Every structure is written in C-alpha cells, then in structure tokens.
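Reader: Could you take me closely through the surroundings of the ligand, and state the cut-offs behind each term as you go?

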Amino acid sequence: MDAAALADLALDIAREAGRLARTRREEGVAIAATKSALADIVTEADREVEALIRARLAAERPDDGFLGEESGAERGTSDITWVVDPIDGTVNYAYGMPHYAVSIAAVSGDPTPPTWTALAGVVHNPAVDETFHAIRGGGAWLGEHRLSASSVGEAGGLVATGFGYDPKHHAEDLARVAAVMPLLRDLRRAGAASLDLAYVAAGRLDGYFERGLHPWDHAAGGLLVAEAGGLITGAPGGAPGREMTIAAGPELFERLVATIGV
Ligand code: LIP
C-alpha cells in the first residue's frame, strides 16, 4: 500500500474516531484511571476511541503493527506500524476545552523514533473540525490548504511548550522557558503536542519545544512539520523523544536548538 493509500485510511479512521470522541465528550467524560502521576489521566473515551482505531486498522491491515498510548505495542508482519494517540490533549478533553486531537501515523521500519520512517500522518481536532494531514514527499495540508512553516519577524517567535505530568521536572522545564524567552515574542502552552506540531507546520506557531513526549505524541505531527518545510529534532542531533522535541521553521530552529542546548 503506498503512502497516499495509508493516508486515506488514516483520514477515514481519524474522522470516525473524532466523531466518537466528540460524542463521548458531549455525553460527559469519566476519568478511568491515573497513569504516571495524579495529573496524568486516562478517560474511558481514550480507551474506547483507541479500541475503535485498533479494530478498524486490524480489519483493513491485519498484518501491520500497532503502537498506541492506551493499549500498548503489537509487532506486525508487514513493514508498517500504526502509531496512535487516540485523544492527545486528554486533560483539555476532560475539562471540556476544544483543543484535543486524534493523532494517527503510519511508519515503516523499526517502530522507534530514531529508526522509523514516517509515511503518512493525520492530526484531527474534532472539536473544531480541523484535519491536518501529510504524506511523505507529498506536502502537509489543512484540509485542501497546503501548509508552510513560518519565518520569524523582528518581534521574535511565537513558540509553544509543555510540561509533563511529573512535578519533579517542572523547575527544569521552567528554567528552560526562561532561557528561551529572549528569542520569543510570546509563549503558548496549549496542552496537545500533536496540535502544537501541526500549528508549527501551519505557521500558526513559529516553534515548539517540550521534554517528555512519547512516540504517539509526535509521530504524525513530526511528519507535518517536515513536509511543511520545518525542522524537528530531539536530543543532540537525534530524533524527537523523551529527552526533548524541538520543531520550528529553519530560521528559528537553529537558535532554539542552540539555546535549549540539545
Ligand atoms: C499530552 C501532550 C502535551 C503534554 C502533556 C501530555 P496526552 O499528551 O500532548 O503536549 O504537555 O503533558 O503528555 O497525555 O494528552 O496524550
């Protein structure tokens, strides 16, 4: 199956999953459990939406692998693995903020960020019906509108960041923000990494950085950034990941990387 066909499948599934997530939100959201910290929650909807995505993929592509936030990893026998965050921005979702996304990426190769090749990615916000999508080599799009990462004006960059759920990292995270602020016109903390990355691709943000991301947070958004002419990295010259994720247009990217020191 070529990247365009993988993208078409991801788009169809993301839209169906988004309808379910939005319906469950309107019905009222139940916290199912906490994970790494008290603030790190999973809702029944997270689990139900991931189950829908996984079932659709198993029906359409039974030989592919799967890596999901809520149900874990399963190796496939094809070269394709689906990397899925069923509801990215879970806390926003639980509080009723319309800023969350279904994030689905199809990658080839060993399914870890340093070794995979992202082929297709979709970041779909059902609350506002915005669908960002990309095919490797085919550009990044919002609906039918082609996206391009920004170049920064004299006032500095509009940059987003995030803070993991574990309070022990917050002092370090805030010190990093203080170090970066001289490069910025302002900072945003919107709570969904996949949408932060999609916004960098769309030029709605000039950049984004965050420590502690999981593969499903950045798999689709990272392809959007790259296909929109942006740059994305992680720890020194490495792939985006737990240690760090930095994404921006080319001009701001180098200054962010040098200042954050990865
Ligand atoms: C979230 C990320 C966000 C980060 C949060 C959390 P989740 O993912 O999208 O950028 O700051 O700590 O990791 O938990 O909503 O899927």
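Author: What follows describes the ligand site first and then some elements of the chain.

This is a predicted model, in which local features need pLDDT of at least 70 and side-chain atom pairs count only at pLDDT 80 or more, while totals for chains, interfaces and linings use all residues. Residues are numbered from 1 along each chain as its sequence is written, and side-chain values use heavy atoms, with hydrogens and water left out.

The ligand sits in the largest pocket; a pocket is an open set of points on a 1 Å grid over the protein atoms alone, where a 1.4 Å probe fits, with protein on both sides within 12 Å along at least five of seven lines, and a molecule sits in it if more than half of its atoms lie within 2 Å of its grid points. Around the ligand there are 17 residues, of which Asp 88, Thr 90, Arg 189, Ala 193 and Glu 210 are the closest, a residue being counted if one of its heavy atoms lies within 4 Å. By class, this shell has six nonpolar, five polar and six charged residues, where Ala, Val, Leu, Ile, Met, Phe, Trp, Tyr, Cys and Pro count as nonpolar, Asp, Glu, Lys and Arg as charged, and the others, Gly among them, as polar.

Strands β5 (80-88) and β13 (207-210) each supply at least two residues of the shell, and β5 gives the most, with three residues; strands (E, at least two residues) and helices (H or I, at least four) are DSSP runs numbered from the N terminus.

Oxygen atoms of the ligand have polar contacts, that is, pairs of N or O atoms within 3.5 Å. A backbone N or O atom of Gly 89 lies 2.7 Å from a ligand oxygen, a polar side-chain atom of Glu 69 lies 3.1 Å from a ligand oxygen, and a polar backbone atom of Phe 163 is 3.4 Å from a ligand oxygen. Of the 380 Å² of accessible area that the ligand has on its own, the protein covers 96%, with areas taken from the Shrake-Rupley method with a 1.4 Å probe.

Strand β5 also holds Val 83, which counts as buried because its relative accessibility is 0%, buried meaning under 20% relative accessible area (1.4 Å probe, protein chains only). Helix α5 (residues 193-202) is mostly covered, with nine of its ten residues buried, including Ala 193, Asp 196 and Tyr 199. Just after α5, Gly 203 takes a positive phi of about 80 degrees.

Terms used. Buried < 20%, exposed > 50% of the residue type's maximum accessible area, 1.4 Å probe, protein only. Polar contact = N/O pair within 3.5 Å; in protein donor to acceptor, adjacent residues only side chain to side chain. 1 Å grid on protein atoms, 1.4 Å probe; cavity = no way out; pocket = protein on both sides within 12 Å on 5 of 7 lines; lining within 4 Å.
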